[in-house]
Each structure stands twice: as structure tokens, then as C-alpha cells.
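Visitor: Hey, I've got a protein model open and no clue where to start. Can you walk me through it?
Guide: Sure, pull it up and ask away.

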Amino acid sequence: IDRNTIERFKPIPFLLVSAELDNVTLPDACARQADWMNARGGKVQFVVVPGEHHDYDAPWALKYLNSQNTSKCSN
């Protein structure tokens, strides 16, 4: 199978937002993803919202239950 070994992104502005205290979608992993995309032509701006947990912007009342990233997946 032929595979494109030169992965590229179009330079379309993209905002990636993460919560500082998010332990489900880890901010460090998101920062690495943004850097990876930008290194391949992307135009990602990565922002961390200080003091917030996962789903901080959800339309329901926040009930932080100390969830864990049990999949150990960094994406």
C-alpha cells in the first residue's frame, strides 16, 4: 500500500482550547498535537483555560467527579 509520508495541513486558523486541570483530555497532549500540526503547515493556536476542569463549558451544572483517563491515551 502506498502511503503519503509527507503529512501536511492547510494553514487554516484553528483554535484548540484545553482546561488546565483536565485529566481526561490532557493539556500537555493537546499542546504536543498543536505543535505537531503546526510543524506540518497547520495554523493552530493552543490556549489553556486556567483553573478549569474537563467540560468547564458544558451547558449543565459542573459536577467534577475526579474522572480518570483510564485508556492511557494521549490523544
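Visitor: Let's start with Met37. Which residues does Met37 touch, skipping those up to four places away in sequence?
Guide: Leaving out those sequence neighbours, Met37 touches Phe9, Gly42 and Val44. Keep in mind that this is a predicted model.

Visitor: Okay. And which residues make up the largest nonpolar core?
Guide: That core has 5 residues, and Met37 is one of them. The others are Leu16, Cys30, Ala34 and Val44.

Visitor: Which element gives the most to this core?
Guide: Helix H1, which covers residues 27–38, with 3 residues.

Visitor: You mentioned Phe9 earlier. How many aromatic pairs does the structure hold?
Guide: There is 1 aromatic pair in the structure. Phe9 and Trp36 form an edge-to-face pair, because their ring planes sit at 80° with the centres 5.6 Å apart.

Visitor: Why does that pair tie together parts that are apart in sequence?
Guide: Because Phe9 is in the segment before S1 while Trp36 is in helix H1, and those parts are 27 residues apart in sequence.

Visitor: Is Phe9 buried or exposed?
Guide: In between: Phe9 is partly exposed, with a relative accessible area of 30%. Trp36 also counts as partly exposed, at 30% relative accessibility.

Visitor: Let me zoom out. How many helices and strands does the chain have?
Guide: The chain has 1 helix and 2 strands. Going from the N terminus, the order is β-α-β.

Visitor: And what share of the residues counts as buried?
Guide: The chain has 75 residues, and 19% of them count as buried. As for the outside, the accessible surface comes to about 6100 Å², with 54% of that belonging to carbon and sulfur atoms.

Visitor: Speaking of the outside, which residues make the nonpolar surface patch?
Guide: Leu15, Val17 and Tyr56 make a patch of about 250 Å². Val17 is in strand S1, residues 13–19, and is partly exposed at 37% relative accessible area.

Visitor: What about Ser18, is that buried or exposed?
Guide: Ser18 also lies in strand S1. Ser18 is buried, because its relative accessible area is 3%, and the cut-off for buried is under 20%.

Visitor: So what does Ser18 touch, again skipping residues up to four places away?
Guide: Quite a list: Thr25, Leu26, Pro27, Cys30, Phe46, Val47, Val48 and Val49. Cys30 may ring a bell, since Cys30 belongs to the core we talked about.

Visitor: New topic: where is Glu52?
Guide: Glu52 sits in the segment after strand S2, which runs 43–49. Glu52 is partly exposed, at 28% relative accessibility.

Visitor: Which residues does Glu52 touch, with the usual skip of up to four places?
Guide: Ala19, Glu20, Leu21 and Asp22. Glu52 and Ala19 are 33 residues apart in sequence, yet their C-alpha atoms are 5.1 Å apart in space.

Visitor: How much do residues 24 or more positions apart account for among the contacts with a separation of 6 or more?
Guide: They account for 77% of those contacts in the chain.

Visitor: Last one: is Ile6 buried or exposed?
Guide: Ile6 counts as exposed, with 57% relative accessibility. You'll find Ile6 in the segment before S1. From Ile6 to Arg40 is 34 residues in sequence and 8.4 Å in space, C-alpha to C-alpha.

Notes. Residues are numbered from 1 along each chain as its sequence is written. This is a predicted model: local features need pLDDT of at least 70, side-chain atom pairs count only at pLDDT 80 or more; totals for chains, interfaces and linings use all residues. Side-chain values use heavy atoms; hydrogens and water are left out. A nonpolar core is a set of buried Ala, Val, Leu, Ile, Met, Phe, Trp, Tyr and Cys residues joined through side-chain atoms within 4.5 Å. Buried means under 20% relative accessible area, exposed over 50%, partly exposed in between (1.4 Å probe, protein chains only). Helices (H or I, at least four residues) and strands (E, at least two) are DSSP runs, numbered from the N terminus. Contact means heavy atoms within 4.5 Å. Patches are made of residues with over 30% relative accessible area and no salt bridge: like charges are joined within 9 Å, nonpolar side chains (Val, Leu, Ile, Met, Phe, Trp, Tyr) within 5 Å. Accessible areas come from the Shrake-Rupley method with a 1.4 Å probe; for residues, only the protein chains shown count as cover. A salt bridge is a side-chain nitrogen of Lys or Arg within 4 Å of a carboxyl oxygen of Asp or Glu. Rings of Phe, Tyr and Trp (its six-membered ring) pair if their centres lie within 6.5 Å; planes under 30 degrees apart count as stacked, over 60 as edge-to-face and the rest as tilted.
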